[in-house]
Amino acid sequence: GSATSMAVGYVTVNWDLYGELALGIFSAMDAGSLLLMHFSDNIWACYAGYLAFKACYMLLITIAMFQIAVSLSVERYALMFGFNNFVALVIQTIITVVVVDSKGLGLDISTQFLIYGSYFTFIAGVFLIRSIYTVISIKCR
């Protein structure tokens, strides 16, 4: 995860144009690795899926933070990233209570991978549709 995050700084990409596309692609890779863990009975495939998920997720977070930071002034970094972390923690807690906790759905591990894989598939779809629209609208100008 750290190696992929550090690699972002050395890649020359027009992040304004292709940032959301990268978020969509890495969200799709996260979804694929989670769905691999759901549908596979092979422990080594699950370990490989987990490693792929963590690497792509760290890269996804790095790109998302970079996309947010570009549009902020230095005085607002702490407020924005603190607020983002707070909202992420609230959403993670809600999803955990609903999916994992016995007071919620209390799903087994394999079904949780399916739920989280579906969640990342939805996110990937949103990012990919938005990025395709952005790229096409900029290229057509």
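Partly exposed means a relative accessible area between the 20% that marks the upper limit for buried and the 50% above which a residue is exposed. Keep that in mind for the close-ups below, which all come from a predicted model.

**Figure 1. The whole chain is built from helices.**
Let's start with the big picture. The chain has 5 helices and 0 strands, so you can read its elements from the N terminus as α-α-α-α-α. Its C-alpha atoms fit a box of roughly 50 × 30 × 30 Å along the principal axes. Out of 141 residues, 24% are buried. The chain exposes about 9300 Å², and 72% of that area is supplied by carbon and sulfur atoms. Take the contacts with a separation of 6 or more: 65% of them join residues 24 or more positions apart.

**Figure 2. Three stretches carry a transmembrane annotation.**
According to an unreviewed UniProt entry, "transmembrane region" applies to residues 51-72, 78-101 and 113-133. How do two of these spans look in the model? Residues 78-101 are 92% helix and 0% strand, with 32 Å between the end C-alpha atoms. Residues 113-133 are 100% helix and 0% strand, and here the end C-alpha atoms sit 30 Å apart.

**Figure 3. Phe-26 sits in the largest nonpolar core.**
This core counts 14 residues, and Phe-26, Ile-63 and Phe-120 have the most contacts inside it. Helix H2 (15-39) and helix H3 (43-70) each bring at least two residues to the core. Which helix gives the largest share? That's H2, with 7 residues. Now zoom in on Phe-26: ignoring neighbours within four places in sequence, it is in contact with Cys-56, Leu-59, Leu-60 and Ile-63.

**Figure 4. A nonpolar patch lies on the surface.**
Not every nonpolar residue hides away in this model: Phe-83, Phe-86, Val-87, Val-90, Ile-91, Ile-94, Val-98, Leu-105 and Tyr-119 make up a surface patch. Together they have about 820 Å² of accessible area. Helix H4 (residues 77-99) provides the largest share of the patch, 7 residues. One residue to look at is Val-90, found in helix H4. Is Val-90 buried or partly exposed? Its relative accessible area is 35%, so Val-90 counts as partly exposed.

**Figure 5. His-38 is tucked in beside residues from further along the chain.**
His-38 belongs to helix H2. Buried means under 20% relative accessible area, and His-38 comes in at 17%, so this residue counts as buried. What does His-38 touch? Setting aside residues up to four places away in sequence, the list is Ser-110, Thr-111, Phe-113 and Leu-114.

**Figure 6. Glu-20 and Arg-130 form a salt bridge.**
Side chains of opposite charge can pair when their charged atoms come close. How many salt bridges turn up in a search of the whole structure? There is 1. Glu-20 pairs with Arg-130, and their closest N and O atoms are 3.5 Å apart. This pair ties together distant parts of the chain, with Glu-20 in helix H2 and Arg-130 in helix H5 (residues 109-140), 110 residues apart. Both partners can be checked against the opening definition. Glu-20 has a relative accessible area of 23%, so Glu-20 is partly exposed. Arg-130 is partly exposed as well, at 44%.

Definitions and conventions. Residues are numbered from 1 along each chain as its sequence is written. This is a predicted model: local features need pLDDT of at least 70, side-chain atom pairs count only at pLDDT 80 or more; totals for chains, interfaces and linings use all residues. Side-chain values use heavy atoms; hydrogens and water are left out. UniProt positions are given in the numbering used here, feature names are shortened, and annotations may be inferred rather than shown by experiment. Helices (H or I, at least four residues) and strands (E, at least two) are DSSP runs, numbered from the N terminus. A nonpolar core is a set of buried Ala, Val, Leu, Ile, Met, Phe, Trp, Tyr and Cys residues joined through side-chain atoms within 4.5 Å. Buried means under 20% relative accessible area, exposed over 50%, partly exposed in between (1.4 Å probe, protein chains only). Contact means heavy atoms within 4.5 Å. Patches are made of residues with over 30% relative accessible area and no salt bridge: like charges are joined within 9 Å, nonpolar side chains (Val, Leu, Ile, Met, Phe, Trp, Tyr) within 5 Å. Accessible areas come from the Shrake-Rupley method with a 1.4 Å probe; for residues, only the protein chains shown count as cover. A salt bridge is a side-chain nitrogen of Lys or Arg within 4 Å of a carboxyl oxygen of Asp or Glu.
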